[in-house]
Amino acid sequence: MSAYQIIKYLHSGLRFVVLILIVLAILQALAGWLGNKTYSQGNRKLNMFAMISAHTQFLFGLILYFVSPFVQFGSNTMKEATTRYWTVEHIAMMLFAIVLITIGHSKSKKATLPQLKHRAIAIFYILAVLIIIVAIVQSKRPFFSITG
Ligand code: HEM
């Protein structure tokens with residue numbers, strides 16, 4: 001197995017961890033925000049692990065960006081849907097989602113009231129997860145399986 005394949009498996013598999021952690025963080029934030037709950041250490045940790053998983057995914061993605069045969073810079077890159085997607089669209093959408101997660105996490109950290117801490121996570125993580133889902137669907141790769 002080549003280094004490219006190993007990183008691709010890691011990046012592909014980590015998507016499930018990222019998605020599960022973000023969804024759990026969102027459910028917890030909605031329950032806290034709408035149910036007026038306190039902001040616990042458990043809440044803080046889950047929100048942080050979700051962000052760390054997204055940052056790790058970014059690092060794997062960045063390595064892939066340099067080795068993937070689907071990332072090309074040529075006169076046909078923008079004309080072909082597959083190369084356009086992997087060279088431009090995937091990185092743009094995923095980076096935007098990761099930035100949203102980072103902003104939400106930082107806003108939550110700075111807020112003083114528990115309700116505002118929960119709200120920052122809920123709003124920013126929901127926007128991010130929607131973008132990630134749209135990006136994966138647009139890739140035309142299977143949502144729940146790993147390409148060899
Ligand atoms: C939350 C963030 C991200 C998620 C959930 C995600 C998810 C995915 C998924 C599901 C695939 C398809 C894997 C397969 O076919 O088995 C993929 C491929 C890829 N990703 Fe990401 N990605 C993310 C961020 C990024 C970023 C930030 C970059 C670039 C810096 C990137 C670069 C790539 C590349 C180049 C491929 C193509 C691999 C290939 O088939 O050659 N990804 N990503």
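Let us begin at the iron atom of the ligand. In this predicted model, the protein donors to that iron are the NE2 atoms of His11 and His90, which lie 2.0 to 2.1 Å from it. The two histidines come from distant parts of the chain: His11 belongs to helix 1 and His90 to helix 3, and 79 residues separate them.

What arrangement do the six donor atoms around the iron form? The arrangement is octahedral, because the angles that these donors subtend run from 86 to 179 degrees.

I turn now to the surroundings of the ligand as a whole. The ligand sits in the largest cavity, and 23 residues surround it. Among the closest are the two iron donors, His11 and His90, and the list of closest residues also includes Tyr4, Ser68 and Thr147. By character, the shell consists of 13 nonpolar residues, seven polar ones and three charged ones.

Which helices each supply at least two residues of this shell? They are helix 1, covering residues 3-34, helix 2, covering 41-67, and helix 3, covering 81-110. Helix 2 provides the largest share, with six residues.

Next, the polar contacts of the ligand. The side chain of Ser12 places an N or O atom 2.6 Å from an oxygen atom of the ligand. For the side chain of Lys8, the corresponding distance to a ligand oxygen is 3.2 Å. His90 appears here once more, with a polar side-chain atom 2.9 Å from a nitrogen atom of the ligand.

Finally, let us step back to the chain itself. Its secondary structure amounts to four helices and zero strands, and the pattern along the sequence is accordingly written α-α-α-α. Along its principal axes, the C-alpha trace spans about 55 × 30 × 25 Å.

To close, I would return to the two histidines: His11 in helix 1 and His90 in helix 3 are the protein donors of the iron, within a ligand that sits in the largest cavity.

Terms used: Residues numbered from 1 in each chain as written. Predicted model: local features only at pLDDT ≥ 70, side-chain atom pairs only at ≥ 80, totals over all residues. Heavy atoms only, no water. Near = heavy atom within 4 Å. Polar contact = N/O pair within 3.5 Å; in protein donor to acceptor, adjacent residues only side chain to side chain. 1 Å grid on protein atoms, 1.4 Å probe; cavity = no way out; pocket = protein on both sides within 12 Å on 5 of 7 lines; lining within 4 Å. Sits in = over half its atoms within 2 Å of the grid points. Nonpolar A, V, L, I, M, F, W, Y, C, P; charged D, E, K, R; others polar. Donors = N, O, S within 2.8 Å, 3.2 Å for Na, K, Ca; no water. Tetrahedral: all angles 85-135°; square planar, octahedral: opposite > 155°, others 65-115°.
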